[in-house]
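Me: Please take a close look at the nonpolar core of this model. I would like to know which residues hold the most contacts inside it and how the aromatic rings are arranged.

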Amino acid sequence: MIGKIFGILCTAAFFAIFFSMALAQEATPLHSSNAFQPVNYALPYPGILPGHPLYFIKRFRDLLLSLLISNPVRKVEFYILMADKHLSTGVVLKEKGEIELAFKSWQDSVNYLTKGKAILFTSKSKFDNNLKDRYKRAVIGHQEVLKLQVGEEASVYKQIQDLAKDFPE
């Protein structure tokens, strides 16, 4: 009985630590080693990269967080953060030469921005203009970074362009 309680407490402490680290990270600029000018869009540190043995824990934590966040404002903020992290991950993976994983990360980034747009512009909740502006800046920043990383002909760049079209007011 005591072993079960101890196990539950250890598991709860483990998830509490991961949740607090996920929500307390600040954005830091990420500079690419490309010949292009760096884009003035600050990207967060990507953390554990795909291919790491513990990456599945990070993905599980992110999934759990997205399911547990019920406030639409917080959920949009979370989706913007996740999109930024996946964009940053793609940049780092490309620099390491892991192009396939980079494109998958960039696709995940676009998917998170799409989820954020769905909540932000179709929800019945009222959002302040600061959050809408932050979302628009994120989409424009992603556009610029992807243009430098993959060029204008890549499908992931075309998807982010489609996302940037016609922002509802």
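Reply: What follows describes the largest nonpolar core and then the aromatic pairs. The model is a predicted one.

The largest nonpolar core comprises 37 residues. Those with the most contacts inside it are V76, W106, L113, L120, Y135, L146 and I160. At least two core residues come from each of helix 3, helix 4 (99–122), helix 5 (129–150) and helix 6 (155–164), and helix 3 gives the most, with 11 residues. In general, nonpolar side chains of soluble globular proteins tend to be buried together.

L113 shows the contacts in detail: leaving out residues up to four places away in sequence, L113 touches A83, Y135, A138, V139, H142, I160 and L163.

Turning to the rings, a search of the whole structure finds four aromatic pairs. One of them joins F103 and W106, edge-to-face, with 5.3 Å centre to centre and 80° between the planes. These two residues are three apart in helix 4 and therefore separated by about one helical turn. Their burial is as follows: F103 is partly exposed, at 33% relative accessibility, whereas W106 is buried, at 1%.

F121 and Y135 also pair edge-to-face, because their planes stand at 75°, with ring centres 6.0 Å apart. F121 belongs to helix 4 and Y135 to helix 5, so this pair ties together parts 14 residues apart in sequence. Both F121 and Y135 are buried. In addition, F78, Y79 and Y112 make up one aromatic cluster.

How values were computed
Residues numbered from 1 in each chain as written. Predicted model: local features only at pLDDT ≥ 70, side-chain atom pairs only at ≥ 80, totals over all residues. Heavy atoms only, no water. Core = buried A, V, L, I, M, F, W, Y, C linked by side-chain atoms within 4.5 Å. Buried < 20%, exposed > 50% of the residue type's maximum accessible area, 1.4 Å probe, protein only. Helix = DSSP H or I, 4+ residues; strand = E, 2+ residues; numbered from the N terminus. Contact = heavy atoms within 4.5 Å. Phe/Tyr/Trp six-rings, centres within 6.5 Å; stacked < 30°, edge-to-face > 60°.
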